[in-house]
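Good morning, colleagues. I should like to take you through one protein chain, beginning at a single residue and working outwards. Please have the sequence and the model before you.

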Amino acid sequence: MCGLVAWYSEERPVQAEALHRAVSALRHRGPDGEGLWVSGDRRVALGHRRLALVDVAGGAQPLSSEDGAVRAIVNGELYGHERLLAELEARGHRFRTRSDSEVLVHLYEEHGAGCLRHLRGEFAFVLWDGRNRLLLAGRDRFGVKPLCYAQVDGGLWLASEAKALLAAGLPATWDEGAFFHAASLQYVPPDRTLFAGVRQVPPGHVVLAVDGHVRVRRYWDLDVPRLEGARPVRTEAEWVEGVRERLEEAVRLRLRGDVPVAFQLSGGLDSSAVVGLAAREVAGPVHCFTLAFEAEGYDELALAEETAARVGAVLHPVRVGQEALVEGLPEAVAQGEGLAINGHLMAKHLLSRAVREAGFKVVLTGEGSDEVFAGYPHLRRDLLLEGAAGPRMAERLGKLEETNLASAGVQLPEGESLPLEAVRRALGFVPGFLEAKGTLGRRVHGVLTEEYLRRFEGRDAYAVLMAGVDVEGQLEGRHRVEQSLYLWTKLALANYILRTLGDGMEMAHGVEGRLPFLDGELYDFARAVPMELKIRGPVEKYVLREAMRPYLTEAVYRRQKHPLMAPPLTLFGSARAQGLVQDVLRSRAFQAQPFFEPGKVLALLERLPTLTPRERVAQEPVLMMALTTALLQERYRLSGV
């Protein structure tokens, strides 16, 4: 894991000071070294901050081909590179390092942009082909590693994080249109950020720049099989065994490297499975880090302790009080570059800090399992609503809501919604999580300024969302739950779970996250698993549970999905924590932000004691979005447009 910066222009030379500022802004991503390369005509520059994990002594970047015509910088891990290296050496390529990243340079020499078909891993990269004066940049399938870009003064900047582009001189300005989407459905569009002029390279996409022209194109998508299409015919036992074998390999690959590896462990199925599999492969005890909250129903320490004891792991509890969730929030928001809906942002920040302070640079997590194996409560709701209506369904929906209080207004609908007809027209139904986002958007709109809302009067964020989706190619003819998962993966997984909560909080402390469940080989197998093996009655991720049963405690095996949510400040906030929130919401920074009406937000805060617990939980994301907006504005001194 590293930090990347690149400049390309056929018109203007790179400014040395801007390049150095941009690279320095990513020091947290790569505290182990810095590398720069600038072409002779100064029209191309590559900058790299290194987190040394593989070939610690010799793997410095930028990397180059034997003749220097191809140069590259890489962030992340390319798995199975040993096989590729042997094949490339047999074809006459000569390697200068033992780094997995160097494989990319020689694969490009063999296959051009088609080299991405051969990459298995979590990565972002920028590559310069001096012979053809072509710049190629790419991001992994799911967007585990970030990559953004900006076109400025006839040139193209690329970087791992927006803060590097701002440091290079891009004006620090809100993207008010992108913010409107976040205020309506929590997430910015897949190719946007909250910063004007800064675009994301969407997951599974590449950027091609040649002759001063820039194109972004897709090289991969989820491609879930159609219901009426041909699917592999396997027994339940064969599906279970296939999942087990591929997950075992995915974990084994992510244990490789020249530095020790740690694990995030909750009380859930996913991280417990990763730890259970890894414990068989690692010599000596594995080290696990677990968040411990004060509030009952949110703390999973006891379950994690049971798992750790079962596999002989060393458990490091990271105890997080309500005050801590607020006190360190400014730094967490600055690193995540996005809006938070819960204190879990700060909790993940503290968790990653504990990992690094204990001497680890790599951590394996269970993220991505719910997207691959349909683990969320809103997906069970979608499946229930697909069936026949009746008293039994109403009873089951009621039980689902009752047992998933933490998901109220975030993954499950709560209250009135923004209009969702554009989604219904496109799909024939509205996915449960978008219904929930519609109710969240309605609450957020209720505390925005009238002036800001008037500027976007008539804009339907949900219509814009669906207009950008390949409905015919990726959604038509698929199971209702798979359609929901596709949209969730493009929005929630890429924009929030992986970027803000994952990479943002981990790399703030120079920790690389590795995600076995988003392994390409595992996903290619699992996407064809029949839905009845993913959700069976009230049991989500059924096939995964059965595959991992030998590695799980009985409590974890039988436990339903609980999303990582910190105890809501609206429900459990101590007097001091609430005072800290009040301080921010009454600050000059909050008065200066252009979106939320301070009087409306403070009135909501004062009304909280009159609300039911479920209503108070549903208001948590509203207050957290307002709070983190002010903190983002203050850190980056953002102006309106």
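Let us begin with Val-410. Leaving out residues up to four places away in sequence, Val-410 touches Gln-186, Ile-341, Phe-433, Ala-436, Lys-437, Met-565 and Pro-621, where contact means heavy atoms within 4.5 Å. Val-410 sits in the loop between helix 14 (391-402) and helix 15 (421-427); helices here are DSSP runs of H or I with at least four residues, strands are runs of E with at least two, and both are numbered from the N terminus. Is Val-410 buried or exposed? Its relative accessibility is 8%, so Val-410 counts as buried; the term buried applies under 20% relative accessible area, exposed over 50%, and partly exposed in between, with a 1.4 Å probe and protein chains only. The C-alpha atoms of Val-410 and Ala-618 are separated by 7.2 Å, although these positions lie 208 residues apart in chain numbering.

A word on the basis of these values. This is a predicted model, in which local features need pLDDT of at least 70 and side-chain atom pairs count only at pLDDT 80 or more, while totals for chains, interfaces and linings use all residues. Residues are numbered from 1 along each chain as its sequence is written, and side-chain values use heavy atoms, with hydrogens and water left out.

I turn to the chain as a whole. The protein chain has 29 helices and 19 strands. Its C-alpha trace spans about 70 × 60 × 50 Å along the principal axes. The radius of gyration is 24 Å, which agrees with the value near 26 Å for a compact globule of 641 residues; this radius is taken over C-alpha atoms, and the globule rule is 2.2 Å times the number of residues to the power 0.38. Of the 641 residues, 63% are buried. Among contacts between residues at least 6 apart in sequence, 73% join residues at least 24 apart.

Next, the interior. A nonpolar core is a set of buried Ala, Val, Leu, Ile, Met, Phe, Trp, Tyr and Cys residues joined through side-chain atoms within 4.5 Å. The largest such core contains 181 residues, and Phe-263 and Phe-596 touch the most other members. Helix 20 supplies the largest share of this core, 14 residues. Another core, of 24 residues, lies apart from it, and includes Val-70, Val-103, Leu-107 and Phe-123. Which residues does Phe-263 contact, beyond its neighbours within four places in sequence? They are Leu-255, Val-274, Val-275, Ala-278, Val-286, His-287, Cys-288, Phe-289, Val-363 and Leu-364.

The interior also holds cavities. On a 1 Å grid over the protein atoms alone, a cavity is a set of points where a 1.4 Å probe fits but cannot get out, and lining residues have an atom within 4 Å of a point. Grid points are joined across faces, edges and corners, and a volume is the space filled by probe spheres set on the points. A search of the whole structure finds 7 cavities of 30 Å³ or more, and the largest has a volume of about 300 Å³. Its lining consists of 25 residues, with Val-188, Glu-337, Asn-495, Arg-499 and Thr-500 nearest the centre. Helix 20 (residues 480-507) gives the most to this lining, with 4 residues.

Finally, some backbone details. Most residues other than glycine have a negative phi, and most peptide bonds are trans. Ala-374 is not a glycine, yet has a positive phi of about 60°. It lies in the loop between helix 12 (369-373) and helix 13 (377-386), and is buried, with a relative accessible area of 0%. Arg-637, likewise not a glycine, has a positive phi of about 50°. Arg-637 lies in the segment after helix 29 and is exposed, at 73% relative accessible area. Where is the cis peptide bond with omega of about 5°? It joins Gln-61 and Pro-62, and Pro-62 belongs to the loop between strand 3 (44-50) and strand 4 (63-64).

One last residue is Pro-613, in helix 29 (residues 613-636). Pro-613 has 48% relative accessibility and therefore counts as partly exposed. Its C-alpha is 8.8 Å from that of Thr-570, 43 residues apart in sequence.

Thank you for your attention.

Methods:
On a 1 Å grid over the protein atoms alone, a cavity is a set of points where a 1.4 Å probe fits but cannot get out, and a pocket is an open set with protein on both sides within 12 Å along at least five of seven lines; lining residues have an atom within 4 Å of a point.
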